[in-house]
Amino acid sequence: MTEAIKFNSSPCLLLDSLWNTLHNSFNNALHRQVDINILNEIKRKLCQSWSPFSSHKFKTAIFKCTNSSAPGPDKMSWRHWKLIFTNDDCLSNIINIGDACINLGHWPEYFKISITVVIPKPNKQSYNNPKAFHPIVLLNTLGKLIEKAIAKRLQFTVAANDFIHPCQLGGLKFKSTADAGITLSHIVRSGWVKGKSTSTLAFDISQFFPSLNHRLLILILEKAGLDPKVTNFFVNYLV
């Protein structure tokens, strides 16, 4: 049996209609209006200068990359880059590319080219709904490597100036799943001491990252005290 994916009650029989279906399904809140006044209550942190990357940062970024990860359009796996990194001249040139991207406020088009692989989610009763599929985006690994180095620097900067809320646990260095469990247990036991019971409400914000408002994100980065050339870089990065 073969069933066509439907969007707005119409089957997607052409590649263009299928692309529009996936795009509208996973970016449906991208252009919604956002009240930027919510940032007025956040104090702007002092601006911190952005230092050039070091070879240690790039070697650390690539160390945890698995060799079995699927490559992007460049067909370069992490195993290839780890071999290239053994040459100091090659490593120096790659670091220069990362520094140039920040200093020029530009993310090359080459790093924005991607391959999207759409795979079905298991055990679905029907596969005529785009939400029954999961898109995987494969980028050029060199661009992903520079992104990893930038992300680690960003996390260090915003954590150093106390811009991240102490209850933020996900995706942060030295903040594991065990830390989240310990925090929750502490809250529960604190309630017991006071003779109270604790309830938890967990919810997932659907398509949060694809729908993140780009203008709001740039304003948040400015509030975090990042170097203006870093915020200029992200303006181009998000295009």
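These exercises work through helix packing, burial and capping in a predicted model.

**Exercise 1. Get the overview**

Task: State how many helices and strands the protein chain has, and in what order the elements run.

Solution:
- Step 1. Count the elements. The protein chain has 9 helices and 4 strands.
- Step 2. Read from the N terminus. The order is β-β-α-α-α-α-α-β-β-α-α-α-α.
- Step 3. Frame the chain. Its C-alpha atoms fill a box of roughly 60 × 55 × 35 Å along the principal axes.
- Step 4. Check burial. Of the 239 residues, 27% are buried.
- Step 5. Check contact range. Take the contacts in the protein chain with a separation of 6 or more; 67% of them join residues 24 or more positions apart.

**Exercise 2. Classify the packing of H2 and H4**

Task: Decide how helix H2 is oriented relative to helix H4, and name the residues that make the contact.

Solution:
- Step 1. Recall what is needed. Two packed helices are described by the angle between their axes and the distance between the axes.
- Step 2. Locate the helices and read both values. H2 covers residues 55-63 and H4 covers residues 88-104; they pack at about 95 degrees, with axes 10 Å apart.
- Step 3. Apply the cut-off. Angles of 65 to 115 degrees count as roughly perpendicular. H2 and H4 are therefore roughly perpendicular to each other.
- Step 4. List the contact. H2 supplies Ser-55, Phe-58 and Lys-59, while H4 supplies Leu-91, Ile-94 and Ile-95.
- Step 5. Sort the residues of this contact. They divide into 4 nonpolar, 1 polar and 1 charged.

**Exercise 3. Find the two sides of H2**

Task: Work out which residues of H2 are buried and which are exposed on the other side.

Solution:
- Step 1. Pick the buried set. In H2 this is Phe-58, Ala-61 and Ile-62.
- Step 2. Look around the axis. These residues cover an arc of only 90 degrees, so they sit on the same side of H2.
- Step 3. Find the cover. Over the buried residues of H2 lie, among others, helix H3 (78-84), H4 and helix H6 (141-160).
- Step 4. Turn to the other side. His-56 and Phe-63 are exposed there.
- Step 5. Check one of them. The relative accessible area of Phe-63 is 66%, so Phe-63 is exposed.
- Step 6. Place Phe-63 in space. Its C-alpha atom is 8.0 Å from that of Lys-82, 19 residues apart along the chain.

**Exercise 4. Classify the packing of H4 and H9**

Task: Decide how H4 and H9 are oriented, then identify the buried face of H9.

Solution:
- Step 1. Read the geometry. H4 and H9 pack at about 95 degrees, with axes 7 Å apart.
- Step 2. Classify the pair. H4 and H9 are therefore roughly perpendicular to each other.
- Step 3. Name the partners. Cys-101, Ile-102 and Asn-103 of H4 meet Lys-229, Val-230 and Phe-233 of H9.
- Step 4. Sort the residues of the contact of H4 with H9. They split into 4 nonpolar, 1 polar and 1 charged.
- Step 5. List the buried residues of H9. They are Val-230, Thr-231, Phe-233 and Phe-234.
- Step 6. View H9 down its axis. The buried residues fall within an arc of 155 degrees, so they line one face of the helix.
- Step 7. Identify the cover. For H9 it includes H4, H6 and helix H8 (214-223).

**Exercise 5. Follow Thr-231**

Task: Is Thr-231 buried or exposed, and what does Thr-231 touch?

Solution:
- Step 1. Locate Thr-231. It lies in helix H9, residues 228-237.
- Step 2. Test burial. The cut-off for buried is under 20% relative accessible area. At 5% relative accessibility, Thr-231 is therefore buried.
- Step 3. Find the polar partner. A polar side-chain atom of Thr-231 lies 2.7 Å from the backbone oxygen of Pro-228.
- Step 4. List the touching residues, leaving out those up to four places away in sequence. They are Ile-218, Leu-221, Glu-222 and Leu-226.

**Exercise 6. Explain the cap on H9**

Task: Which residue caps the N-terminal end of H9, and where does this residue lie?

Solution:
- Step 1. Look before the helix. Asp-227 lies in the loop between H8 and H9.
- Step 2. Find the cap. Asp-227 caps the N-terminal end of H9, with a side-chain oxygen 3.1 Å from the backbone nitrogen of Lys-229.
- Step 3. Test burial. Asp-227 has 14% relative accessibility, so it counts as buried.
- Step 4. Map the contacts beyond four places in sequence. Asp-227 touches Cys-47, Gln-48, Ser-49 and Trp-50.
- Step 5. Add a distance. The C-alpha atoms of Asp-227 and Ile-164 are separated by 17 Å, and the two residues are 63 apart along the chain.

Key:
Residues numbered from 1 in each chain as written. Predicted model: local features only at pLDDT ≥ 70, side-chain atom pairs only at ≥ 80, totals over all residues. Heavy atoms only, no water. Axes fitted to C-alpha atoms, helices over the stretch in contact; angles between N-to-C directions. Parallel < 35°, antiparallel > 145°, perpendicular 65-115°, else oblique. Contact = heavy atoms within 4.5 Å. Nonpolar A, V, L, I, M, F, W, Y, C, P; charged D, E, K, R; others polar. Buried < 20%, exposed > 50% of the residue type's maximum accessible area, 1.4 Å probe, protein only. Polar contact = N/O pair within 3.5 Å; in protein donor to acceptor, adjacent residues only side chain to side chain. Arc of directions from axis to C-beta.
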